[in-house]
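Please open the model in the viewer and keep the selection panel at hand. The stops below proceed from one selection to the next.

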Amino acid sequence: MPSRSASNIRLADQCFSVLIMACAAFVTITLIWVLGDIVIKGASHITWSFITSEPSDAGRSGGIGTILVSTLLILCVALGAAIPIGLGVAVWLSEFTVQHSRFSNTVGTTLDVLAGIPSIVYGLFGNAFFSLYLGLGFSILSGGLTLACMILPIFIRTCESGLSAVNNDWRKGAQALGMSRSAAIWHVLLPAAAPAIIAGLILGIGRATAETAALIFTSGYVDRMPGSLLDSGRALAVHIYDLSMNVTGGDNAAYASAFVLITLIILLNTTAQSLIDRWFSQRIYAS
Amino acid sequence: MAKASTRSNRTDTYLSRILGAMGLLCALLLVLVVFFLLKEAWPVVQSGGWLRFFHAQGWYPLEQLFGMLPMIWASIAMALGAILLALPIGVASALFLLFYAPPSVAKIYRLLLNLLAGIPSVVFGLWGLTELVPIIATWHAPGTSLLAAILVLTLMIIPTVALTSVAALSAVPKELHAGAQALGLTRKTRIMSVIIPAAKAGIISGALLATARALGETMAVLMVAGNVVQTPSSLFDPVRALTANIALEMAYAMSDHRASLFAAGLLLTLIVWGLALIASRIVKSNGKVLAYAK
């Protein structure tokens, strides 16, 4: 091409590089803007009494103690239901079914379809099924179970991909040692798939803790201390929504709650990671 | 020894049955979700047919008018705007991560993208309402608008676009890179004319998944879009998305009103499934496996 000189081509190449760098810088700066905003406006309102005391005056003053308790209870219910079922189905899909048999394919497709349902629709379902049909009402239990349905597909898929990625030699080795399938799964395959299980768990915890839309009509708005799992309890994310939309003058408390929410998510993620690390590394060497 | 092995075989059989039952339970969950959505939406579908949602003059629940069209347009406008902005930025992020950033920077940048993906939508909403909306309001009141929703959604789906693009771009065979380099092409030409075309299917299906996410997003949109039921005519119009409408009105909706909110949920689910189906078709027809992106 005689009309385009080499310097022109080099110029276009450099412009392109600058454009790419600019996009990356834009994403970084925006993230810092969002996080910095939360930290600066939120951290200044965090005191010990804010974290432990009950909210008063619709959340404008007081703290988030009861809301933290409800949030953790909802999370416990969700994980308590999702982890055993999720691990079970993942093991079943990867170890007990013939790969690509019709039944396992059906279950797999079902999971993908479930993963695509928007969270507000899970809220509608939870309201109709857990709250009304099963008569659980607006309660921590129905909120937690709704979240369990929501995080189950992604948790199963990540665990399953981790299990299928385990080298077949491990299965054959376990068989050669005369281990039963159950023993091989428990002592060899699950520990070997631990990184994927952790990843699935972290994704699930992140989703469940951040979720708002699915909880508004299932676990409700009540900000008192829950007496049992059948009481309504307000999750932290719902609290932030309520403070910023429905309560004038609630912005400071909303920012402080947002700061706590993000800290909580990071804290839960690291705890999950270290717990599972320790648990699995003990079993794979000691047994 | 023989006894021990029969016992363990029996454990295996029981385990297999229990786990199979769990798998069945998961498959049933989908049936349950669809059944309950249909059951709750049925009264209004039966009494006026699906078409009333599209024919009715606007959304006036008290007068039994359930026209969803303005909100459908609003939802589509938001998702479309968001993906139009997020696609170039997300793909550029992926290119930066793979071809421009030194390894240490790339590691940090990937961490940042994951961090961005982990920020709860309600926090994006809070930030949008207190930081973004006032800025938009200085150009054009009231600030809570289609534009605010588009910008917040863009931020929320950039990680999805970027991470799926990374997966698609890094699946491009080494030979193509080497061939392009051997031809003496510049980095820009290599990327634009060789690598991106090779990864096109993965990038597009990732973008479709991100669009689906934007359509299904509730809280952030609810907080920054202004929630006035109207067909958007400019970027600065306050609008109400289909999802936001459900969240706003479920608390007090009764009978037909409640049923039409469930119908809206059903409609939303169908659109999202449609997008996911197209995405998986695109990937399948290209014979490439997209890493789990959501």
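How many salt bridges are there between chain B and chain A? In this predicted model, the count between the two chains is 1 salt bridge. Select Lys41(A) and Glu131(B) to display the salt bridge, in which the closest N and O atoms lie 2.8 Å apart. Next, highlight helix 1 (residues 2-48) of chain B, which contributes 20 residues to the side of chain B that touches chain A, the most of any element.

Now select the interface as a whole. Here 73 residues of chain B are in contact with 74 residues of chain A. The area buried between the chains is about 6400 Å², and carbon and sulfur atoms give 82% of that area. Polar contacts between chain B and chain A amount to 8 residue pairs.

Proceed to Thr212(A), in the loop between helix 9 (194-210) and helix 10 (236-246) of chain A. Thr212(A) counts as buried because its relative accessibility is 0%, under the 20% limit. Beyond its neighbours within four places in sequence, Thr212(A) is in contact with Ala237(A), Val238(A) and Tyr241(A), and also with Val122(B) and Met219(B).

The last stop is the largest nonpolar core, which has 187 residues; Met68(B), Met78(B) and Phe124(B) touch the most other members. From chain A, this core draws at least three residues from each of domain 1 (4-45) and domain 2 (48-286). Centre the view on Met68(B) and show the residues it touches more than four places away in sequence: Phe53(B), Trp59(B), Leu242(B), Ser260(B), Ala263(B), Ala264(B) and Leu267(B).

Note on methods
Residues numbered from 1 in each chain as written. Chains lettered and ligands numbered in written order. Predicted model: local features only at pLDDT ≥ 70, side-chain atom pairs only at ≥ 80, totals over all residues. Heavy atoms only, no water. Core = buried A, V, L, I, M, F, W, Y, C linked by side-chain atoms within 4.5 Å. Buried < 20%, exposed > 50% of the residue type's maximum accessible area, 1.4 Å probe, protein only. Domains from an automatic or database assignment. Contact = heavy atoms within 4.5 Å. Helix = DSSP H or I, 4+ residues; strand = E, 2+ residues; numbered from the N terminus. Buried area = accessible area lost by both parts, 1.4 Å probe. Salt bridge = Lys/Arg side-chain N within 4 Å of Asp/Glu carboxyl O. Polar contact = N/O pair within 3.5 Å; in protein donor to acceptor, adjacent residues only side chain to side chain.
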